[in-house]
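Please read the points below alongside the coordinates. They follow one strand and its partners, and then turn to a helix.

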Amino acid sequence: MTLYNDVVPFTAHYTPADLPPTIPRVPDSPRYLTPYVNAARRHGGGFESLLWASQQTQAARFGALVQLASPKGQSVLDVGCGRADFLDYCIATGVPPADYVGIEAVPALADAAEAKRLANVTIKRADFVQHPLSMFVAADVIVFSGSLNTLDPTSFYATIRRAFDATASVLAFNFLCSPGLAAAEFLHWHRVTDVLTFARSLSDDVTSLTDYLDGDATVAMRKP
């Protein structure tokens with residue numbers, strides 16, 4: 001599950017016909033998944049169901065993750081993987097992982113990831129919030145790109161803690177760091193200082209990037 005949090009200055013984030021700021025609940029769908037479930041009903045496994053504003057801003061986030069997490073030749077877990085576009089990015093930019101596991105809760109997006117039929121790829125259909133043990137796959141590197149931004153603060157920090165427990169080496173994740181970019185009621189933002197303070201309570205090796213896209217931040221936490 002990737003997130004509609006791309007922001008281009010002075011450009012509308014969405015059109016009301018496509019994605020209103022207040023999203024109606026889908027029966028039996030957790031609140032944090034509802035925007036994706038609604039989008040997938042309209043767009044199936046297409047790029048629009050990822051709810052990114054553009055492929056360019058999606059790639060900017062991927063670039064920050066690659067810079068901090070160094071996935072080349074590693075076992076990578078992509079949590080909320082959508083269509084496994086992060087893997088495509090890694091391959092296209094010459095930093096392919098040795099193997100890749102994606103976790104995705106929206107069936108249409110999981111179908112799209114599986115349909116790529118890439119080598120050394122496993123797609124797990126799971127809700128990582130309700131089932132955090134799904135993240136324990138012995139991955140060297142765990143990444144989240146956008147998939148934390150519909151979580152309330154309690155779930156956000158709990159997920160980071162469990163993911164850091166689950167990784168063998170590195171956890172890298174991005175998040176909204178500006179209230180202006182989280183205008184829709186289903187989006188949540190966090191101060192970079194707060195997130196870094198939390199990350200440093202778990203790891204002695206924490207790095208971050210905030211210069212790749214206005215209003216977005218990426219943090220990496222390493223184990224000894």
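1. In this predicted model, Leu 77 has Ile 142 of strand S4 as its bridge partner. That bridge belongs to the pairing of S1 with S4, which runs in the parallel sense over 4 bridges.

2. Strand S1 also pairs with strand S2 (residues 99-104), again in the parallel sense, here over 5 bridges, and within S2 the residue that partners Val 79 is Ile 103. Between these two strands the chain passes through H3, and the resulting β-α-β crossover is right-handed.

3. As for its surroundings, S1 (residues 75-79) is mostly covered, with 5 of its 5 residues buried. The cover extends to both faces of the strand, since Ser 75, Leu 77 and Val 79 are buried on one side, while Val 76 and Asp 78 are buried on the other.

4. Why does the end-to-end distance of helix H2 agree with its length in residues? The helix comprises 15 residues (55-69), and because each is taken at 1.5 Å the expected span is 21 Å, which agrees with the 21 Å separating its end C-alpha atoms.

5. The buried residues of H2 include Phe 62, Leu 65, Val 66 and Leu 68, but also Thr 57, Gln 58 and Arg 61. The buried residues of this helix pack against helix H3 (85-92) and against four strands, namely S4 (141-144), S5 (170-176), S6 (205-209) and S7 (216-222).

6. Directly after H2 comes Ser 70, a residue whose phi is positive, near 50°, and which a colleague checking backbone torsions may wish to locate.

Terms used. Residues are numbered from 1 along each chain as its sequence is written. This is a predicted model: local features need pLDDT of at least 70, side-chain atom pairs count only at pLDDT 80 or more; totals for chains, interfaces and linings use all residues. Side-chain values use heavy atoms; hydrogens and water are left out. The expected span of a helix is 1.5 Å times one less than its number of residues. Buried means under 20% relative accessible area, exposed over 50%, partly exposed in between (1.4 Å probe, protein chains only). Contact means heavy atoms within 4.5 Å. Two strands pair if DSSP finds at least two bridges between them. A crossover is right-handed if, with the strands pointing away from the viewer, the path from the first strand over the helix to the second runs clockwise.
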